[in-house]
Amino acid sequence: MEKRTRDKAIEIANALLDEGYEEGRAISIATAQAKKWNEDHPLHQHHLNDSSSHVEGHSNFHVVPDGDGWAVKEEGAHQALVYMDTKNEAVEKAKKWASDANKSAIIHRKDGTVETSHNYS
């Protein structure tokens, strides 16, 4: 099992153990759910400056206003990962990357305040 899927299985198993599941049953359920999660949330590649890169391990992603458009930035970063013409495009990109990286996509309003967030961890 690849690391990303194994980490998800461990996360699920720990939650099941906290709920009182027997260890063997928790592991069995968690393994099946993690494999299904991996199928439903494939690790996409994205292009930054024409070089391919995985998003796994990155910080949360923020959709922020940028001039007449919108940018997707990693938390704490000054430079955007990508610039988009519409907010919807930026939101979809941030949600995809956040899902792949088990992080959050935090969506801001035009005035910079937080509108909503999507947690994939």
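Rings of Phe, Tyr and Trp, with the six-membered ring taken for Trp, count as a pair when their centres lie within 6.5 Å. If the planes are under 30 degrees apart the pair is stacked, over 60 it is edge-to-face, and the rest are tilted. I start there as I come to such a pair straight away. One more remark before that: what you have in front of you is a predicted model.

So, how many aromatic pairs does the rule give? The count is one. The partners are phenylalanine 61 and tryptophan 97, with 5.9 Å from centre to centre and 50° between the planes, and the pair is tilted. Phenylalanine 61 sits in strand S3, residues 61-66, and tryptophan 97 sits in helix H3, so the pair ties together parts that are 36 residues apart in sequence. Are these two residues buried or exposed? Phenylalanine 61 has 0% relative accessibility and counts as buried. Tryptophan 97 has a relative accessible area of 2%, and is buried as well.

Now the chain as a whole. There are three helices and seven strands. Read from the N terminus, the order is α-α-β-β-β-β-β-α-β-β. The chain has 121 residues, and 36% of them are buried. Taking contacts between residues at least 6 apart in sequence, 40% join residues at least 24 apart. The accessible surface is about 7,300 Å², with 45% of that belonging to carbon and sulfur atoms.

Next, helix H1, residues 3-18. H1 has 16 residues and spans 22 Å from its first C-alpha to its last, close to the 22 Å expected at 1.5 Å a residue. Which residues of H1 are buried? They are Arg4, Thr5, Lys8, Ala9, Ile12, Ala13 and Leu16. Looking down the axis of H1, these buried residues fall within an arc of 170°, so they line one face of the helix. Lys3 and Asp18, on the other side of H1, are exposed. The cover over the buried residues of H1 includes helix H2, 23-40, and helix H3, 87-101. Just after H1 comes glycine 20, which has a positive phi of about 100°.

That brings me back to H3, the helix that holds tryptophan 97. H3 has 15 residues and reaches 21 Å between its first and last C-alpha, close to the 21 Å expected at 1.5 Å a residue. Its buried residues are Ala90, Val91, Ala94, Trp97, Ala98, Ser99, Asp100 and Ala101.

What follows H3 deserves a moment. Most residues other than glycine have a negative phi. Asparagine 102, just after H3, takes a positive phi of about 55°, although it is not a glycine. Where is asparagine 102 found? It belongs to the loop between H3 and S6. Buried means under 20% relative accessible area, and asparagine 102, at 19% relative accessibility, counts as buried.

Last, the hairpin. Strand S6, residues 104-108, and strand S7, residues 114-119, run antiparallel and are joined by five bridges. One of the partners to look up is isoleucine 107, whose bridge partner in S7 is threonine 116. Five residues lie between the two strands of this hairpin, and there glycine 112 takes a positive phi near 95°.

To close, three positions to find on the screen for positive phi: glycine 20 after H1, asparagine 102 after H3, and glycine 112 in the hairpin of S6 and S7.

Definitions and conventions: Residues numbered from 1 in each chain as written. Predicted model: local features only at pLDDT ≥ 70, side-chain atom pairs only at ≥ 80, totals over all residues. Heavy atoms only, no water. Helix = DSSP H or I, 4+ residues; strand = E, 2+ residues; numbered from the N terminus. Buried < 20%, exposed > 50% of the residue type's maximum accessible area, 1.4 Å probe, protein only. Contact = heavy atoms within 4.5 Å. Areas by Shrake-Rupley, 256 points an atom, 1.4 Å probe, with all protein chains shown as cover. Expected span 1.5 Å × (residues − 1). Arc of directions from axis to C-beta. Pairing = 2+ DSSP bridges.
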